[in-house]
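This report describes how two protein chains meet and then turns to one residue inside a chain.

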Amino acid sequence: MAPSPTPSFESEALPHLDTLYRVALRLTSNAAAAEDLVQDTMLRALRAWGSFRPGSNARAWLVTILRNQFISGWRSAKRGAQPVDVEAVPELPDASDPDPEGRFFAELVDDEVLAALDALPDEFREVVVLSDLEGLPYAEVAEALGIPLGTVKSRVFRGRRILQGQLRRYAEESGLIRPTEPTP
Amino acid sequence: MTHDAFDCTAALAELDAFLRGELPADAAERMQGHLVRCRHCTEIGRYEQAFRDRLQRLGRGTHCPAALRERIATLLGDEPTGA
């Protein structure tokens, strides 16, 4: 069987610009930096187009390039997030939650959700953004980040708990829910 | 695993895949059966879904700016492709 012809870069890459921009925005926390990062990513991807395997996942390939660009040139310029004790973060929600069905999530404003996301350490933020904001399957997140599937799941679950904890604090501060009783 | 052995521990292990729509039909049906009977797992499922819905709402509202799109299209037109 003849090999399938290489698709055009434009037809494969341009449909993913929204995803790339949103991921860049959440990695850099800055609109101007995100635009530069996406532009650099597209130029680099175009020059590397010969190494793209037709039929493989263009979105994951592009996210890999974007993330590599971010790590090599951008991450150092960004403020470092507070370190988190990963092992201390549970994978399931707190059973004593005063709003056990999470109705407060819908009431939070975008700025609060964005602030909580931006405060996540990079290793958690990137998997939560790709998995939960962009809806990428775990296997695609693993491919894009070059880490094992089990690591993706573990980081997504813990990243969600950290994020949910912060969003619950915002909800408590703004009176959407009453504060959780301290555990004796 | 028999139906009776599908307890909360087993349900919570599959809850994420269920919410992502990635469970096979028979496993999804088993999960729905458990959720009907179990208030605890239902609450956790709704909590996770509410969180997921909020994040997805955030994602849907943001698009690549038109000016950036145009700039990239111009740059691509000027560049030799690596293919």
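Two residues are taken to be in contact when they have heavy atoms within 4.5 Å. By this rule, 33 residues of chain B are in contact with 48 residues of chain A. The model is a predicted one.

The area buried between chain B and chain A is about 3800 Å², and carbon and sulfur atoms give 62% of this area. Of the area that chain B buries against chain A, 19% is supplied by B:Tyr47, B:Phe51 and B:Leu76, more than by any other three residues.

Polar and charged pairs are also found between the two chains. The count of salt bridges between chain B and chain A is 7. One of the salt bridges joins B:Arg20 to A:Asp132, with the closest N and O atoms 4.0 Å apart. Residue pairs in polar contact across the interface, both at pLDDT 80 or more, number 19.

On the side of chain B that touches chain A, the elements giving two or more residues are α1 (8-19), α3 (39-60) and α4 (66-78) of chain B. The largest share, 14 residues, comes from α3(B). The same side divides by class as follows.

| Class, side of chain B that touches chain A | Count |
|---|---|
| nonpolar | 15 residues |
| polar | 6 residues |
| charged | 12 residues |

Within chain A, A:Gln69 lies in helix α4 (residues 58-74). Is A:Gln69 buried or exposed? A:Gln69 is buried, because its relative accessible area is 11%, and buried means under 20%. The side chain of A:Gln69 makes a polar contact with the side chain of A:Arg44, at 2.7 Å.

Note on methods. Residues are numbered from 1 along each chain as its sequence is written. Chains are lettered from A and ligands numbered from 1 in the order in which they are written. This is a predicted model: local features need pLDDT of at least 70, side-chain atom pairs count only at pLDDT 80 or more; totals for chains, interfaces and linings use all residues. Side-chain values use heavy atoms; hydrogens and water are left out. Buried area is the accessible area (1.4 Å probe) that two parts lose on being put together, summed over both. A salt bridge is a side-chain nitrogen of Lys or Arg within 4 Å of a carboxyl oxygen of Asp or Glu. A polar contact is a pair of N or O atoms within 3.5 Å; within protein, one must be able to donate a hydrogen and the other to accept it, and residues adjacent in sequence count only if both atoms are side-chain atoms. Helices (H or I, at least four residues) and strands (E, at least two) are DSSP runs, numbered from the N terminus. Ala, Val, Leu, Ile, Met, Phe, Trp, Tyr, Cys and Pro count as nonpolar, Asp, Glu, Lys and Arg as charged, and the others, Gly among them, as polar. Buried means under 20% relative accessible area, exposed over 50%, partly exposed in between (1.4 Å probe, protein chains only).
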